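Q: Hi! Could you walk me through this one? I'd like to start with what's inside.

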Amino acid sequence: MKRFLVLALLTALSWGAVSAQSAWVHPWMKKRVAYFGDSITDPRNNGSKQKYWHFLQQWLDITPYVYAVSGRQWNDIPRQTDQLFTQHGDSVDAILIFVGTNDYNNGVPLGVWYTERQEQVMYGHGKPKALVDRTRRYPAMDKDTYRGRINIALDKLKRLYPTKQIVLLTPIHRAGFYANEKNWQCTEDYTNQAGVYIEEYVNAVKEAANVWAVPVIDLNSVSGLYPMLDSFVQYFKSGDTDRLHPNDKGHERLARTLMYQLSALPCTF
C-alpha cells in the first residue's frame, strides 16, 4: 500500500512539472492578421477610439493589417485583398472578414450560390466507364448579388492564400443610424429595399462556411450585442443617433468574444 501511495505521489508531481512547463499559449499570439470590412473595422470611423482589433493587438501582440473602409460591402473585399497582396504578399498569417451590414442596408439581392448546367461526364462503377448525363453546378459569380459577391471574394482569396487561415465574421445586430437627412437607416426589425431581413444576410455568411470550407464566427449571436434594447445603449456610440457602431466598450466585448473564439482555430498551418 505504501509503495502504491509513493508511486501515485511521484506520478502526480511529474505531471505537475510537465503541466507547468507546457503552459498554454493562444494560437494567435504574435501573429500577423489582416482585417477586411467596413466602418466597424475602419480605424477612421469615429464611433470608437479603440476597435476590436486594437484590443487583440494589445492582448495577443497581433500585428494588424487593416484594410476596412466605411460603407463598403462584400464587393469591396477583392479590392482589399489586392491591397494586402500588394503591400505584404504572402507575409500574413490569417485574414478576418467582417462585412455585410451595408449589403443589407443597400438592399443587395441575396442571389444563389450556384448555377447549374446539363453535361456529360465519364463514369464507371461495377461496369466499364462511359459517358453519362449529369447535372453540374458552378459557383455563381454575380457581382450584383450577396452570395455572388461572397463567391467572387472567396474564390480570389482561396487562390491567392491557399495556406492561410481565412475566418468570416457575421454582421452584428443593428438598430437605428441617423447621421443626416440623406443617411437615415432604420432598425433591423424592418426589411430592406429587397424585402429581406438582416438575419438572411447573416445566415448566408454561415452558409459560406460549407460552400468554401472556411470557419465562421457568428458574432451576431455570440457577441451578445443587441442594440434593439435600450439596456445595450452602453455598448454603442449613441442611443439617439447611432446604435450601429459599437463604442470602445462594445469593441472590447467584441474583442473578448473573438479572443476566445479564435483560440479554437489554428492561425497557421
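Q: Which residues touch the most other members of the largest nonpolar core?
A: Happy to help, and bear in mind that this is a predicted model. Trp74, Ile97 and Leu154 touch the most other members of that core, which has 31 residues.

Q: And which elements give two or more residues to this core?
A: Those are S1, H3, S3, helix H5 (146-160), strand S6 (165-169) and helix H6 (198-212). H6 gives the most, with six residues.

Q: What is Ile97 in contact with, leaving aside its neighbours within four places in sequence?
A: Its contacts are Phe36, Trp74, Ile77, Leu154, Leu157, Ile166, Val167, Leu168 and Leu169.

Q: What lies apart from that core?
A: There is another core, of 29 residues, and its members include Val33, Tyr52, Phe232 and Leu254.

Q: Switching to the sheet: what's the strand order?
A: The order is S2-S1-S3-S6-S9, five strands in an open sheet with parallel pairing.

Q: Why is one side of S2 and of S9 left without a neighbour in the sheet?
A: Because strand S2 (63-66) and strand S9 (216-217) stand at the edges, and each has a single partner strand.

Q: How many bridges join S1 and S2?
A: Four, with strand S1 (residues 32-37) and S2 paired in the parallel sense.

Q: Which residue in S2 is the bridge partner of Val33?
A: That's Pro64.

Q: Last one: where does helix H3 lie?
A: H3 (residues 77-88) lies across S1, S2 and strand S3 (94-98), and runs at about 155° to S1.

Definitions and conventions. Residues numbered from 1 in each chain as written. Predicted model: local features only at pLDDT ≥ 70, side-chain atom pairs only at ≥ 80, totals over all residues. Heavy atoms only, no water. Pairing = 2+ DSSP bridges. Contact = heavy atoms within 4.5 Å. Axes fitted to C-alpha atoms, helices over the stretch in contact; angles between N-to-C directions. Core = buried A, V, L, I, M, F, W, Y, C linked by side-chain atoms within 4.5 Å. Buried < 20%, exposed > 50% of the residue type's maximum accessible area, 1.4 Å probe, protein only.
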